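Me: Could you take a close look at one part of this protein for me, the open sheet? I'd like to know how its strands are arranged and what lies against them.

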Amino acid sequence: MMSCAPNASHSPVFLLLGFSRASISHTLLFFLFLAIYLTTILGNVTLVLLISWDSRLHSSMYYLLRGLSVIDMGLSTVTLPQLLAHLVSDYPTIPAARCLAQFFFFYAFGVTDTLVIAVMALDRYVAICDPLHYALVMNHQRCACLLALSWMVSVLHTMLHVGLVLPLCWTGDAGGNVNLPHFFCDHRPLLRASCSDIHSNELAIFFEGGFLMLGPCALIVLSYVRIGVTILRLPSAAGRRRAVSTCGSHLTMVGFLYGTIIWVYFQPPSQNSQYQDMVASVMYTAITPLANPFVYSLRNKDVKGALCRLLEWGKVDP
């Protein structure tokens, strides 16, 4: 590990100043994010229970959706409870060990989220373009393997970037704290605040991170191009509408997730980039996990039917 300058440290205390200059009252922000977090957990837990309980939802698509709901709960839990605590604190600090732990779990859940979204695009491709072999190709064992592979790739990717962050040094203020203009320990704010050479970190983000981002994007685009061609060839308008409806929820979540990630990592630097990064981070740490269960339940007859059966006590199939 490289040595730091006399006034720098590998393990400082970080001062998270993301909402310190917000024009909105911290009390109002606290109740807003508390409502978002509780609704996220309630919505995703309900979706997980519905898929686990109702036999009509025991298909591969819902198996993957259940995995996505668990990931979304993890992604929110990594960031929002700490944000709530900091909104009622006059001194929102986090020690280096907790900061790096948050960075690790945020990256792991976030990258797995993008990979599972890509796997769901593959699932929709097989369901629409090769429906006769769908049950054979996308069986539960294969879905479990794809979910496990997504987690393995995500953890290896995260370990690489955490390993590159560990040797960095940060210079604190007079009180020994390092100011981060963010509400959690995200990658770019940590690199911006470091006084070390971050060239290797930037190369890893550009090449390895770019490949990991472009791979799922390419799979999603190719899957939906092929799906679009197949839908256009369907003879009946009703069949085309049904095919489009099965993809609508997934495309909505792709837009939420990948849109915010591209906003953060693929726009040129500007004077407002730190503020824009924080707004986008709120989108994919709070809004996307919140939207997931509602998008899939409001647009999906099977999920709405399962919810109605759940509310009619004792009528849900085991």
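Reply: Strand 2 (residues 13-16) and strand 5 run parallel, joined by four bridges. Strands here are DSSP runs (E, at least two residues), as helices are (H or I, at least four), and both are numbered from the N terminus. Within this pairing, leucine 15 sits opposite asparagine 179 of strand 5.

A quick word on the source: this is a predicted model, where local features need pLDDT of at least 70 and side-chain atom pairs count only at pLDDT 80 or more, while totals for chains, interfaces and linings use all residues. Residues are numbered from 1 along each chain as its sequence is written, and side-chain values use heavy atoms, with hydrogens and water left out.

Now to the whole sheet. It is open, has three strands in the order 3-2-5, and its pairing is mixed; two strands pair if DSSP finds at least two bridges between them. Strand 3 (93-95) and strand 5 (177-180) form the edges, each pairing on one side only. From one strand to the next, the twist averages 30 degrees.

As for what lies against the sheet, helix 3 (residues 96-129) lies across strand 2 and strand 3, and runs at about 90 degrees to strand 3. Such angles run from 0 to 180 degrees between N-to-C directions, with axes fitted to C-alpha atoms, for helices over the stretch in contact; contact means heavy atoms within 4.5 Å.

To place the sheet in its setting, the protein has 10 helices and five strands. Among its contacts between residues at least 6 apart in sequence, 80% join residues at least 24 apart.
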